[in-house]
Every structure is written in structure tokens, then in C-alpha cells.
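I opened my notebook to get to know a new structure, one lookup at a time. Come along and read over my shoulder.

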Amino acid sequence: MRQGGRQAFRLVTNYTHKPMKTLILLTLSLVLLSAAAFSQRTPIFPKGEIATVNNHTGTVWLKELNPPDSLLDIGIATATFAPGAKLDWHIHPAGQVLMITEGTGYYQEKGKPVQVVHQGDIIKCAPGVTHWHGAAPKSSFTYIAVSTNSKKNKTVWLQRVSDVEYNSARN
Ligand code: MN
């Protein structure tokens, strides 16, 4: 026990008498903190596979996280867009909620201006409203999409988003 006490005292002495060591420790801590902050860019859920369906432009990855079933009729999926990638205009007959987990993107409802949306934003796509969403030109974009009433919520795909519509966004 005595031994332990002496050991602790020696450590404190070394710490106070070697400012260089303190500096190195502080620097190391900062480097580790920065690394931790950087690693947050790693997606929480898998990115999934590149979508091959003809309802978007650019590269989109899709991953179903929770298929709706008889126990819980809630569909949960994640979508990731390469910069500039976007879905065509479409309608969710029973609506959908988008929870943005990464990046900056665009969301537009028919007849309204494009909204610039960011990580942490929640978008409510009301039932039956024509809209589109996708990545901003210089940012990737990821969200988690949640939908219910799966039997009457099959997405209705419409026309492509034109360049004029896409470029009307103000960053
Ligand atoms: Mn949608």
C-alpha cells in the first residue's frame, strides 16, 4: 500500500517537472479527439447496393433496414446519394418521413421553392404530395426513410427533375 502511494507521488512529481511531457500528452489527446470526430463520418448503417431502378439520376445506394411485416407495418430504409444525384419527381400515397443523417441535400414540393436540407433535419413528405429529394451539387447526402401503411404506400414515379428545377436551389 505504501509502495502504491509512493508510486503515485512520483508520477505527479514527474508530471509537474516536465512541461514538455505535458505538452506531448495534450497534443496526443487533441490528435485522438480529432480522430474520433473524423470517424463519425463512418456511416452507422450499411450503405447498401447501388440502385439500378430507373427513377433517379446519378449514383444512389439503397439499403432496406426494416421491411414492413404483419407485426409492425413500418418500412425503414437508408439511401445515400453521390453529389448531384437525385430522385425523379414522385408521390408517396401514404407519406414518408426522411431523417437526414449526413450531408446536404435538396427537397422540393411541386409549386414551392427548393429547400436546402442538412444532417439532423427531418422532412415530412405528406401523403399524396408530389416532390423530389437528392444531394446538393457538391455534397453527398444520406437519410433514413420511414414509411407506414405499406399496402397503400407504393411510390408513384413521375418525370425527371429538370436542370432548371435542380439549379433553382439557393445554397
Ligand atoms: Mn420521397
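Which residues does Val 146 touch, not counting residues up to four places away in sequence? I looked, and the list is Ile 74, Ile 76, Gln 96 and Val 97. One reminder to myself before going further: this is a predicted model.

**Entry: around Val 146**

I placed Val 146 in strand E11, which covers residues 141-148. Next I asked whether Val 146 is buried, exposed or partly exposed. I found 17 C-beta neighbours inside 10 Å, and a residue needs 20 or more to be buried and 12 or fewer to be exposed, so Val 146 counts as partly exposed. I also noted a long-range pair: Val 146 and Ala 77 are 69 residues apart in sequence, yet 6.8 Å apart in space, C-alpha to C-alpha.

**Entry: the partners of E7**

Val 97 was on that contact list, and I found that it stands opposite Val 146 in E11. That made me curious about the strand E7, residues 96-109. How many bridges join E7 to E11? I read off six, with the two strands running antiparallel.

I then went through other partners of E7.

- Strand E9, residues 122-125, pairs with E7 in the antiparallel sense over four bridges. Here Val 97 turns up again, with Lys 124 as its bridge partner in E9.
- Strand E10, residues 131-135, is antiparallel to E7 too, over five bridges. I noted Gln 108 with its bridge partner Trp 132 in E10.
- Strand E8, residues 115-118, pairs with E7 over four bridges, again in the antiparallel sense. In this pair Tyr 107 stands opposite Gln 115.

I took a second look at E7 and E8, since they form a hairpin with five residues between them. In the turn I found Gly 111, with a positive phi of about 85°.

**Entry: the largest nonpolar core**

Which residues touch the most other members of the largest nonpolar core? I wrote down Ala 79, Phe 81, Leu 98, Ala 135 and Tyr 143, out of 16 residues in this core. The elements giving two or more residues to the core are strand E4 (74-81), E7 and E11. E7 supplies the largest share, four residues. A general note for my margin: in soluble globular proteins, nonpolar side chains tend to be buried together.

I picked Ala 79 for a closer look. Leaving out residues up to four places away in sequence, Ala 79 touches Val 60, Trp 61, Leu 62, Thr 142, Tyr 143 and Ala 145.

**Entry: two asparagines in loops**

Where is Asn 149? I found this residue in the loop between strand E11 and strand E12 (156-157). Its phi is near 50°, a positive value in a residue other than glycine. That caught my eye because most residues other than glycine have a negative phi. Asn 149 has 15 C-beta neighbours inside 10 Å, so I logged it as partly exposed.

Asn 55 sits in another loop, between strand E1 (49-50) and strand E2 (56-57). With 14 C-beta neighbours inside 10 Å, Asn 55 also counts as partly exposed. What does Asn 55 touch, residues up to four places away in sequence not counted? I listed Leu 87, Asp 88 and Trp 157. My last jotting is that Asn 55 and Gln 159 are 104 residues apart in sequence and 8.6 Å apart in space, C-alpha to C-alpha.

Technical notes:
Residues are numbered from 1 along each chain as its sequence is written. This is a predicted model: local features need pLDDT of at least 70, side-chain atom pairs count only at pLDDT 80 or more; totals for chains, interfaces and linings use all residues. A nonpolar core is a set of buried Ala, Val, Leu, Ile, Met, Phe, Trp, Tyr and Cys residues joined through C-beta atoms within 7 Å. Two residues are in contact if their C-beta atoms, placed from the backbone, lie within 7 Å. Two strands pair if DSSP finds at least two bridges between them.
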